[in-house]
Amino acid sequence: MGLTKRHKHGLFWFRRDLRTRDNVGFTRAMTSCEMVTCVFIFDTEILDKLTNKEDKRVVYIHRSLQEVDHFLQRMHSKLLVRIGNPRALISEIVTELNVDAVFTNEDYEPFAKARDQLVAQKLQEKGRLFFSFKDQVIFAKDEIRNGQGKPYKVFTPYKNKWISMLTPRMIRDMTFQHYNFTPYEKIKPLIKPWRLKDIGFEDSELMVEAGQDAAEARLASFAKNLDLYQQQRDFPAIEEGTSGLSVCLRFGTVSIRDCTRLAKSSRSKGAQTWLSELIWRDFYHMILDQFPHVATHPFNEKYDGMVWPGTQAHFKRWCQGMTGVPIVDAAMRCLNQTGWMHNRLRMIVAMFLTKDLLCDYRWGEAYFAEKLLDFDLAANNGGWQWSASTGCDAQPYFRVFNPYTQSEKFDAQGDFIRRYCVELMHFPNKYIHHPAAAPLAIQKTSDCIVGKDYPAPIVDHSMQRKLAIDLFKI
Ligand SMILES: Cc1cc2nc3c(=O)[nH]c(=O)nc-3n(C[C@H](O)[C@H](O)[C@H](O)COP(=O)(O)OP(=O)(O)OC[C@H]3O[C@@H](n4cnc5c(N)ncnc54)[C@H](O)[C@@H]3O)c2cc1C
């Protein structure tokens with residue numbers, strides 16, 4: 001609607017797509033408007049909820065925006081950054097700059113959908129247009145449907161359909177280089193400072209470099225390991241066993257089409273498995289969009305009224321990495337220190353919180369939301385509901401991970417455990433997964449007495465497993 005008409009002045013609104021290459025909405029703005037101004041809004045409704053004023057996500061966004069701004073400056077323009085409520089600010093900027101149409105990329109979170117609807121409505125009242133494009137995923141909303149025309153609830157048939165529907169056109173590079181940005185002089189009066197302190201935040205150390213250049217470099221580096229992905233992806237001690245791109249995909253410093261092109265570039269098992277992970281990402285975005293109740297309730301309504309008997313005291317020990325189960329503790333300490341956790345460990349700690357400590361999955365989900373640099377509502381919710389057996393195509397409730405055997409299998413030498421549970425550094429491999437089982441003499445020679453230097457397990461796995469299975473028999 002209206003896209004064939006060339007607009008005089010367009011506004012491109014960056015959100016979770018912080019890149020200037022291979023960005024659908026950005027390219028569409030450029031191809032449909034004579035002149036394009038770029039804007040980013042630090043939404044105070046979101047920022048005010050962040051209690052840690054050194055939040056790494058804000059730092060990542062800020063640094064990525066600096067890169068976008070440098071690019072625009074090289075093109076004799078500038079990025080407009082505002083702090084406040086986008087509903088009011090977009091409308092204000094549109095009036096101030098006499099913009100005809102606003103361009104952006106779709107966001108499928110319930111909060112974002114409601115916000116965009118209000119923005120579009122406000123613009124319509126002013127006689128201005130609002131266009132939003134699919135950019136964040138390959139297939140959105142209900143584009144993939146089952147034989148009854150309904151959205152899938154099970155992953156494998158969804159994945160098969162996804163693969164059968166994918167065409168090269170869908171993943172073509174959308175980079176467009178005939179830039180027509182609004183000249184700096186024209187937007188100069190609207191420019192306001194946007195240092196981190198202006199937003200109310202402080203700088204913090206990041207484990208990943210922000211921005212599109214770094215994200216693309218990471219993708220290129222991962223390309224060398226792609227064929228090994230299947231063999232390496234489950235072992236947290238292997239440094240580049242997985243791509244480490246989740247932060248980049250979350251903030252859109254890398255394009256999902258670019259990732260999919262890489263996955264399709266090889267026929268190896270590694271490449272196929274990696275493609276599957278990208279499809280899981282689409283799947284969970286679709287689930288959140290089509291079944292928005294999952295944001296606050298179990299996907300499987302059967303578990304809606306379930307009372308989780310887990311205690312706050314146990315939850316606290318889990319958060320601190322003090323459960324007495326080394327693989328769980330190392331994973332939680334890694335999350336607390338770096339803002340990241342390996343996928344295998346996310347499954348282990350989520351399963352431990354829900355099936356061993358019997359705590360409501362929403363406690364863990366909220367803790368991850370606070371800590372994860374790559375926090376994404378759709379993927380996080382999907383991962384938690386999968387582990388808690390409350391979700392779509394979730395792990396069956398009677399299949400409970402044993403954290404000790406998971407540890408022996410995926411961190412056999414205890415390398416990952418020793419990295420974060422330094423008090424266990426000198427424990428022999430035989431006991432590193434279960435130090436409480438070590439004879440006292442071994443504990444003494446390892447410089448670590450269980451119950452004193454490292455906690456004894458706060459629960460007994462085999463007993464808790466039985467309780468969990470009973471709890472789920474509704
Ligand atoms: C309890 C739990 C919570 C999770 N929370 C998040 C979250 O908040 N944000 C997030 O991006 N991922 C989340 N995941 C999925 C997964 O753990 C991470 O995407 C992955 O660990 C990121 O590492 P990577 O980039 O090296 O992934 P790779 O293995 O290289 O995979 C490539 C990309 O595929 C996507 N992906 C991979 N696995 C999944 C999956 N199971 N579900 C959805 N997308 C996937 C990610 O975008 C990832 O970057 C969660 C998983 C669990 C079990």
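# Close-up views of a predicted model

**Overview: the surface and overall form of the chain.** The accessible surface of the chain comes to about 20,700 Å², and 52% of that area belongs to carbon and sulfur atoms. The structure shown is a predicted model. Within the chain there are 23 helices and five strands. The radius of gyration is 24 Å, and the globule rule gives 23 Å for 474 residues, so the chain is as compact as a globular protein of that length. Along the principal axes, the C-alpha atoms fill a box of roughly 80 × 50 × 45 Å. Of the 474 residues, 56% count as buried. Among contacts with a separation of 6 or more, 77% are between residues 24 or more positions apart. The chain carries 65 positive and 56 negative charges, and the mean positions of the two sets are 3 Å apart.

**Helix α1 and its cover.** Seven of the nine residues of α1 are buried, so this helix is largely enclosed by the rest of the structure. The buried residues are Val-24, Gly-25, Phe-26, Thr-27, Ala-29, Met-30 and Ser-32. Their cover includes the strands β1, β2 (33-43), β4 (101-105) and β5 (129-133), together with the helix α12 (256-264). At the start of α1, look for Asn-23: one of its side-chain oxygens reaches to within 3.4 Å of the backbone nitrogen of Gly-25.

**Arg-15, in the loop before helix α1.** Arg-15 is found in the loop that runs between β1 (7-14) and α1 (24-32). Its relative accessible area is 11%, and because buried means under 20%, Arg-15 counts as buried. The side chain of Arg-15 makes a polar contact with the side chain of Thr-104, at 2.8 Å. Not counting residues up to four places away in sequence, Arg-15 touches Phe-40, Thr-104, Asn-105, Glu-106, Asp-107, Arg-115 and Asp-116. Thr-104 therefore appears twice in this view, as a polar partner and in the list of residues touched, since a contact means heavy atoms within 4.5 Å and a polar contact is a pair of N or O atoms within 3.5 Å.

**Arg-346, in helix α16.** Arg-346 has its place in helix α16. With a relative accessibility of 18%, Arg-346 counts as buried, because the cut-off is under 20%. A polar contact of 2.8 Å joins the side chain of Arg-346 to the side chain of Asp-374. Leaving aside neighbours within four places in sequence, the residues in contact with Arg-346 are Trp-340, Met-341, Phe-368, Leu-372 and Asp-374.

**His-76, a loop residue with a positive phi.** His-76 lies in the loop between α3 (56-74) and β3 (79-84). Its phi is near 65 degrees, a positive value in a residue other than glycine. Is His-76 buried or exposed? The relative accessibility of His-76 is 61%, and because exposed means over 50%, His-76 counts as exposed.

**Leu-358, a loop residue with a positive phi.** The loop in this view joins α16 (343-356) and α17 (361-371), and Leu-358 sits in that loop. Leu-358 is not a glycine, yet its phi is positive, at about 55 degrees. Is Leu-358 buried or exposed? The relative accessible area of Leu-358 is 6%, so Leu-358 is buried.

Terms used:
Residues numbered from 1 in each chain as written. Predicted model: local features only at pLDDT ≥ 70, side-chain atom pairs only at ≥ 80, totals over all residues. Heavy atoms only, no water. Helix = DSSP H or I, 4+ residues; strand = E, 2+ residues; numbered from the N terminus. Rg over C-alpha atoms; globule rule 2.2 N^0.38 Å. Buried < 20%, exposed > 50% of the residue type's maximum accessible area, 1.4 Å probe, protein only. Areas by Shrake-Rupley, 256 points an atom, 1.4 Å probe, with all protein chains shown as cover. Lys, Arg positive; Asp, Glu negative; His and termini not counted. Charge placed at Lys NZ, Arg CZ, Asp CG, Glu CD. Polar contact = N/O pair within 3.5 Å; in protein donor to acceptor, adjacent residues only side chain to side chain.
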